[in-house]
Amino acid sequence: MGWRCVKKNIDNNYLISNLDSKPRFYFSHSYYMKPTNEENILLKTEYGVSFAAAVFSKNIFGVQFHPEGDAKKLIPYFNRSDIKNSMINEFGILKWENTMQLLERPDTIENTYQNFIPNFLDKLL
């Protein structure tokens, strides 16, 4: 799937309170969860259909994207010939090229390091 913009479904949750207006996160698969309670959905994204990108319930928090995404590690990974060829075969050369271009942008990983991890750790500790 690649880098996707997410939209806030709930505004007053500490985990997403500091996100910018169009945060982007890396999604690596097209399957998704369907929460039964809309009030538990923090973030949504779209990929053919709208779906939950982040959910919470009391003391549990989960995301569909890769919050640990790190361009320094993802660039070599996506440049591996087996991964590159697999991605191109399944999604096309433009998808691979777009993913690589987005990895070069520092703001694509910024939300994880500046918001999710600090907010989570702040409440955890």
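## The nonpolar cores

A nonpolar core is a set of buried Ala, Val, Leu, Ile, Met, Phe, Trp, Tyr and Cys residues joined through side-chain atoms within 4.5 Å. With that in mind, let's walk through this structure, which is a predicted model. The largest nonpolar core has 13 residues, and the members that touch the most others are F27, L42, L43 and F65. Strands β3, β4 and β5 are the elements that each give two or more residues to this core. The top contributor is β5, with three residues.

Apart from this core lies another one, made of 10 residues. Its members include F78, M87, L102 and L103.

## Overall layout

Here is the wider picture. The protein chain has four helices and six strands. Going along the sequence, the pattern is β-β-β-β-β-β-α-α-α-α, with the strands preceding the helices. The protein chain has 125 residues, of which 37% count as buried.

How much of the contact network comes from residues 24 or more positions apart? Taking the contacts with a separation of 6 or more, such residues account for 57% of them.

## The four-stranded sheet

Four of the strands form an open sheet in the order β2-β4-β5-β6, and the pairing is antiparallel. At the edges are β2 (7–8) and β6 (60–63), each of which pairs on one side only.

Within this sheet, β4 and β5 run antiparallel and are joined by five bridges. One position to look for is E46, whose bridge partner in β5 is S50.

## Strands β1 and β3

Now for another antiparallel pair: β1 and β3 are joined by four bridges. Along this pairing, G2 stands opposite F27 in β3. Strand β3 is covered on both faces. On one side R24 and Y26 are buried, and on the other side F25 and F27 are buried.

R4 is a good residue to follow here. This arginine is in strand β1 (residues 2–5) and is partly exposed, with a relative accessible area of 23%. Not counting residues up to four places away in sequence, R4 touches P23, R24, F25, F27, T45, E46 and Y47. For one of these partners, F27, the C-alpha to C-alpha distance from R4 is 7.0 Å, although the two are 23 residues apart in sequence. The side chain of R4 also reaches the backbone oxygen of E46, at 2.7 Å. E46 therefore appears twice in this account, as the residue whose backbone oxygen R4 reaches and as the bridge partner of S50, a residue of β5 under the DSSP strand runs.

## Aromatic pairs around F51

Two aromatic pairs are found in the structure. In the pair of F27 and F51, the ring centres are 6.1 Å apart and the planes stand at 85°, so this pair is edge-to-face; the cut-off for that label is over 60 degrees. This pair links distant parts of the chain, with F27 in strand β3 and F51 in strand β5 (residues 50–57), 24 residues apart. Both F27 and F51 are buried.

Is the pair of Y32 and F51 stacked or edge-to-face? The centres of these rings are 4.9 Å apart and the planes are at 25°, so the pair is stacked; planes under 30 degrees apart count as such. Here, too, distant parts of the chain are linked: Y32 is in the loop between β3 and β4, while F51 is in strand β5, 19 residues apart. The relative accessible area is 32% for Y32, which is partly exposed, and 5% for F51, which is buried. Together, the ring pairs link F27, Y32 and F51 into a cluster.

## Two side chains to look at

N40 is in the loop between β3 (24–27) and β4 (41–46). Leaving aside neighbours within four places in sequence, N40 is in contact with A54, V55, F56 and S57. With one of them there is a polar link: the side chain of N40 reaches the backbone oxygen of F56 at 2.7 Å.

Finally, take a look at K84 and W96. The charged end of K84 sits over the ring of W96, 4.2 Å from the centre of that ring.

Technical notes
Residues numbered from 1 in each chain as written. Predicted model: local features only at pLDDT ≥ 70, side-chain atom pairs only at ≥ 80, totals over all residues. Heavy atoms only, no water. Polar contact = N/O pair within 3.5 Å; in protein donor to acceptor, adjacent residues only side chain to side chain. Contact = heavy atoms within 4.5 Å. Phe/Tyr/Trp six-rings, centres within 6.5 Å; stacked < 30°, edge-to-face > 60°. Buried < 20%, exposed > 50% of the residue type's maximum accessible area, 1.4 Å probe, protein only. Lys NZ or Arg CZ within 6 Å of the ring centre and 35° of its normal. Pairing = 2+ DSSP bridges.
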